[in-house]
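Here is a friendly briefing to read with the model open beside you. It goes through packing, one pocket and a few single residues.

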Amino acid sequence: MQRFDVVVVGAGLAGLQCARLLAGHGLTVLLVDRKQSLEQGVHTTGIFVRRSLEDFSLPPAFLGPPIRHVTLYSPARRQLQLESPHDEFRIGHMGPLYSRLLKDCQAAGANWLGSSVYLGTEPAAGGSLVRLNVNGSIDTVFARYVVAADGAASHVARDLGLDANRRWIVGVEEVFADAPLSGPPRLHVFLDRRLAPGYIAWVAEDGQAVHVGVGGYAAGLQPASALHRFRSSLAGLVPLENARLVERRGGRIPVGGILPNIANARGLAIGDAAGAVSPLTAGGLDPCLRLSELAAKVIWKYLTSGDPVHLAAYDGRLFRRRFLARRALRAAYDWAGYNPILEAGCSVLRLPWCKGVAERVFFGRGSFPDVLSPSHSRSVAAVRPASSGKPQKPQAVAVN
């Protein structure tokens, strides 16, 4: 039986980030995913916010042009134009980006096991046994620690006895190529409860691709029908007549906020599995990067010291306190269940002294609470061990 310090189940952005950092710390890591190629079955639009672009070394070659403009549409399609002095968003080419990050994981020393379906995990002396279906053959590996990075409906988190997401929206989108860009790159956001109950419809265009999507609570959303109606309504707004459909995406997005119980002595959850998504905007890429970085530090400290006190820094209840305002705004948005209420709210936002509220939502830097000390470096190398291969002295972790 193969033995590893850590088994990471799920090779999305969260799993790739965590596996790379753990391997860089000198731990033996197995990264597992049901897909053989990470360029298949991408679920996210891949919009990175300015805070992520400033704090993490994302490969520029896999990012689209910067976006500074946002147009917010009321249910009646009245517009509110927002413009930032900064480069606020860039759309990631997520398939190629995942493949690049996987190569970085392997270069750091992580072991990769694709085409492998997670079957379950159970306690064992000193860790856990993880059962996998690897290309049709059942295999079991030993892990001192297990990381759940397998999405919103995480089976790994369930088997570890961690909390599960109870509230989510369903999103579906189409990606088009060869669509001409009229004007600067722009994010179009549509508020319409009949079209997207509980969330939004969106168009993200940066001159390289156009993402057209709809999201909402599953109980009130027929995704394919809603997307067709939305796309048909865009004539004259986004030139898709000669565009080429290259990809369809869809998936669940948790919006209940980070879960309280996301770690124990056997394992922890990251990314969507931990509910690390903004309850208001449903943005999840920045939270997953930050929480994965914290998870890697906590796991390294725990496994190298054997002291469970280090797990106390990875407590979802600490983060939930910082999400009170966003959770309240999510509740208020759910309460505004009728388009006339949303229309009135959008009219208020168009007033000069209220426009700043919308700017704060779209351009604010509070996508996720800071989980690392202010001195953390943009570079992954800053959290890797010294070249001697021996672990560095742990940095202090501040949850503020």
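Of the 77 residues in the largest nonpolar core, which touch the most other members? They are Phe48 and Tyr314. Keep in mind that this is a predicted model, where local features need pLDDT of at least 70, side-chain atom pairs count only at pLDDT 80 or more, and totals for chains, interfaces and linings use all residues. Residues are numbered from 1 along each chain as its sequence is written, and side-chain values use heavy atoms, with hydrogens and water left out.

**Nonpolar cores**

- A nonpolar core is a set of buried Ala, Val, Leu, Ile, Met, Phe, Trp, Tyr and Cys residues joined through side-chain atoms within 4.5 Å; buried means under 20% relative accessible area, exposed over 50% and partly exposed in between, with a 1.4 Å probe and protein chains only.
- Helix α6 (residues 285-305) gives the largest share of the largest core, 12 residues; helices (H or I, at least four residues) and strands (E, at least two) are DSSP runs, numbered from the N terminus.
- Separate from this core is a second one of 27 residues, which includes Ile67, Leu72, Leu80 and Tyr217.
- Leaving aside residues up to four places away in sequence, Phe48 has contacts that include Leu13, Leu53, Phe89, Met94, Leu285 and Leu289, a contact being heavy atoms within 4.5 Å.

**The second largest pocket**

- This pocket has a volume of about 200 Å³, and 18 residues line it.
- His93, Met94, Val175, Glu247 and Arg249 lie nearest its centre.
- The elements that give two or more residues to its lining are α3 (94-108), β11 (168-177) and β15 (244-254).
- Its lining divides into 9 nonpolar, 5 polar and 4 charged residues; Ala, Val, Leu, Ile, Met, Phe, Trp, Tyr, Cys and Pro count as nonpolar, Asp, Glu, Lys and Arg as charged, and the others, Gly among them, as polar.
- On a 1 Å grid over the protein atoms alone, a pocket is an open set of points with protein on both sides within 12 Å along at least five of seven lines, and lining residues have an atom within 4 Å of a point.
- Grid points are joined across faces, edges and corners, and a volume is the space filled by probe spheres set on the points.

**Helix α10**

- Ala358, Phe362 and Phe363 are the buried residues of helix α10 (residues 355-363).
- They sit on the same side of α10 because they cover an arc of only 105° around the axis, taken from the directions from the helix axis to the C-beta atoms.
- The buried residues of α10 pack against α2 (50-55), β4 (69-73), β5 (79-83), β6 (89-91), β12 (186-190) and α9 (339-349).
- Gly356 also lies in helix α10, and its 37% relative accessibility makes it partly exposed.

**Single residues in strands**

- Thr71, in strand β4, counts as buried at 1% relative accessibility.
- Between Thr71 and Leu187 there are 6.4 Å in space, C-alpha to C-alpha, although they are 116 residues apart in sequence.
- Thr71 touches Leu187 along with Gln79, Leu80, Gln81, Arg186, His188 and Val189, not counting residues up to four places away in sequence.
- Ala124 lies in strand β8 and is partly exposed, with a relative accessible area of 26%.

**Positive phi in loops**

- Arg77, in the loop between β4 and β5, has a positive phi of about 65° although it is not a glycine.
- Ser115 lies in the loop between β7 (111-113) and β8 (116-124), and its phi is near 50°.

Terms used
1 Å grid on protein atoms, 1.4 Å probe; cavity = no way out; pocket = protein on both sides within 12 Å on 5 of 7 lines; lining within 4 Å.
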